[in-house]
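The following exercises concern helix packing and nonpolar cores. Each task is followed by a worked solution.

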Amino acid sequence: KLPMIYESKSLKGKTFAQISPLLIEKYKKERRESELEKGRTRKPSTINRELQILSKIFSLAIRYGVTDKNPCAEVSLLPENNKRIRYLLDDEEQRLLSVLTGPRGHLLPLVVLAIGTGMRRGDLFNLTWEKVDFQRGLIYVPNSKTGRDYSVPMNEDVRNTLRQIRSTIRGDGYVFINPDTAMPYTDIKKAFSTACRLVGIRNLHWHDLRHTFGTRLAEAG
């Protein structure tokens with residue numbers, strides 16, 4: 001059985017010959033607009049998978065001589081854009097920073113730089129002092145995806161944070177060192193999740209700090 005067909009007012013009880021492209025379009029609209037629990041609606045990708053299953057059914061029916069056409073072939077799929085969009089709100093930032101102390105204190109400079117530069121987590125972990133130019137106020141980011149550096153200007157918070165760290169470290173090694181291993185950080189997901197939970201911030205991932213930087217940059221023109 002296919003639940004989505006049995007639930008559909010447009011297709012329920014219809015024979016292959018009775019199902020037209022127009023009925024498929026009505027089915028598509030019906031599935032898109034019907035509400036699920038808590039007022040949610042189905043994602044376009046979910047409906048597209050259903051349409052693809054229907055199309056496969058018709059293809060099999062044609063192969064076995066049950067029908068001679070596939071109405072799904074004349075119906076376009078919905079544009080899929082299920083990309084998650086989330087950024088840190090101003091009040092959430094203050095709450096988050098307030099708990100980045102003690103056992104979570106190592107997160108504070110990382111969070112400040114992530115919000116202030118838009119650097120990816122891996123690029124922060126790989127940042128070395130030779131890439132930090134206090135005179136020009138720039139960070140030359142070693143992009144882990146392309147392998148080529150790109151420059152990011154420091155705002156006041158970023159500059160002050162880096163100067164504070166620099167006052168305790170010599171040499172051109174890594175900027176962020178895990179004191180427990182004396183090596184660069186490899187993962188901070190658990191500590192970050194705990195910090196968010198403590199202040200009631202939901203559905204925030206580390207990469208959303210990068211989105212926060214981009215959003216604020218756009219707002220600033």
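**Exercise 1.** Determine the handedness of the crossing of α2 and α3, and state how the two helices are oriented.

*Solution.* The model is a predicted one.

Step 1. The crossing in which α2 passes α3 is right-handed.

Step 2. The helices concerned are α2, residues 21-33, and α3, residues 44-63; their axes come within 10 Å and cross at roughly 150 degrees.

Step 3. Angles over 145 degrees count as roughly antiparallel; therefore α2 is roughly antiparallel to α3.

**Exercise 2.** Identify the residues through which α2 meets α3, and classify them as nonpolar, polar or charged.

*Solution.*

Step 1. From α2, the residues I24, Y27, K28, R31 and R32 take part; from α3, P44, I47, E50, L51 and L54.

Step 2. The contact of α2 with α3 comprises six nonpolar residues, four charged and no polar ones.

**Exercise 3.** Describe the largest nonpolar core and the elements that give two or more residues to it.

*Solution.*

Step 1. This core has 37 residues, of which L96, V111, I139, L162, F176, F192 and W206 touch the most other members.

Step 2. Two or more residues come from each of α5 (107-117), α6 (121-125), β2 (138-142), α7 (156-166) and α8 (189-198). The greatest share is that of α5, with six residues.

Step 3. Beyond its neighbours within four places in sequence, F192 is in contact with L96, L107, V111, L204, H205, W206 and L209.

Step 4. Another core, of 12 residues, lies apart from this one; I19, L23, Y27 and I47 are among its members.

Technical notes. Residues numbered from 1 in each chain as written. Predicted model: local features only at pLDDT ≥ 70, side-chain atom pairs only at ≥ 80, totals over all residues. Heavy atoms only, no water. Core = buried A, V, L, I, M, F, W, Y, C linked by side-chain atoms within 4.5 Å. Buried < 20%, exposed > 50% of the residue type's maximum accessible area, 1.4 Å probe, protein only. Helix = DSSP H or I, 4+ residues; strand = E, 2+ residues; numbered from the N terminus. Contact = heavy atoms within 4.5 Å. Axes fitted to C-alpha atoms, helices over the stretch in contact; angles between N-to-C directions. Parallel < 35°, antiparallel > 145°, perpendicular 65-115°, else oblique. Left-handed = near helix turned anticlockwise from the far one by under 90°. Nonpolar A, V, L, I, M, F, W, Y, C, P; charged D, E, K, R; others polar.
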